[in-house]
Structures are given as structure tokens and as C-alpha cells.
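Please consider the charged side chains of the protein shown below. The paragraphs that follow take up their pairings one at a time.

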Amino acid sequence: MPNRKGVVSTHMVDQELLDLLVCPDTKQPVRRADADLLERLNAAIGAGSVTNRGGDAVVQPLTEALVREDSAVVYPVRDDIPIMLVDEAISVPGGADSDPAARDR
């Protein structure tokens with residue numbers, strides 16, 4: 001079903017794989033990001049205000065992502081493949097990891 005922006009969430013990551021995946025940094029479980037979170041992130045991406053943990057600007061909208069259990073970080077899914085690399089992680093605006101100083105404590 002399309003969200004308000006017309007993006008269709010297809011949930012292509014297999015549930016069995018999802019059950020095995022954890023955040024490579026904290027080892028917390030991950031789950032699929034919901035449409036509201038994707039919409040908020042994509043609005044921030046469109047505004048040019050999102051960088052990944054590696055410092056690169058995120059310019060492509062997310063059609064699917066996996067969010068860490070504490071909801072502070074998402075990992076993009078590209079071509080149905082979860083990109084579970086710490087440098088590719090995106091801090092959720094307003095989340096605990098959105099403050100770089102807090103991350104380094």
C-alpha cells in the first residue's frame with residue numbers, strides 16, 4: 001500500500017533473515033522501519049540534512065530500512081539487501097544517536 005508520498009513499501013527482506021540480523025555496533029535486534037519513519041527520514045534527506053555515520057551525505061530516498069531496537073539508528077536496504085555496515089548507518093533525527101557528541105561518550 002502506498003504511503004502519503006506514493007512510495008510503496010514492499011518489505012523485501014525475508015523474515016528469517018531479519019530474525020538473524022543485529023546492529024553491528026551494539027548487537028541490538030533490528031526491525032523494519034515503518035512508513036512514518038521512512039517519510040520523516042526522506043523529508044530530511046530531501047532537505048539535505050542527513051549524513052550517514054561515515055560522514056557521507058545521504059541523497060537517495062529510502063524505500064526500505066531496518067531500524068535498531070532503540071529506534072536511534074536505521075540501516076538502509078538497497079536492492080533488497082540490508083546494508084549492515086556501521087558507516088552506512090543513519091541516525092534517526094531526534095534519536096539518541098543524532099547527537100555526534102553523545103555517540104562518542
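**Salt bridges in the predicted model**

In this predicted model, arginine 78 and glutamate 88 bring their side chains together in a salt bridge, with an N to O distance of 3.0 Å. The two residues belong to distant parts of the chain, 10 residues apart: arginine 78 lies in strand β3 (residues 73-78), while glutamate 88 sits in the loop between β4 (81-82) and β5 (90-91). Arginine 78 is partly exposed, because its relative accessibility of 36% falls between the limits of 20% for buried and 50% for exposed.

This pair belongs to a set of three salt bridges found when the whole structure is searched. Another member of the set joins the side chains of arginine 53 and aspartate 25, at 3.6 Å from N to O. Here too the partners come from distant parts of the chain, 28 residues apart; arginine 53 is in the loop between α2 (35-46) and β2 (65-68), and aspartate 25 is in the loop between α1 (15-20) and β1 (30-32). Arginine 53 has a relative accessibility of 21% and therefore counts as partly exposed. Aspartate 25, at 39%, is likewise partly exposed.

A further salt bridge connects arginine 68 with aspartate 70, whose closest N and O atoms are 2.9 Å apart. Is arginine 68 buried or exposed? Its relative accessible area is 2%, so arginine 68 is buried. Its partner, aspartate 70, has a relative accessibility of 37% and counts as partly exposed. This salt bridge thus pairs a buried arginine with a partly exposed aspartate.

Technical notes. Residues are numbered from 1 along each chain as its sequence is written. This is a predicted model: local features need pLDDT of at least 70, side-chain atom pairs count only at pLDDT 80 or more; totals for chains, interfaces and linings use all residues. Side-chain values use heavy atoms; hydrogens and water are left out. A salt bridge is a side-chain nitrogen of Lys or Arg within 4 Å of a carboxyl oxygen of Asp or Glu. Helices (H or I, at least four residues) and strands (E, at least two) are DSSP runs, numbered from the N terminus. Buried means under 20% relative accessible area, exposed over 50%, partly exposed in between (1.4 Å probe, protein chains only).
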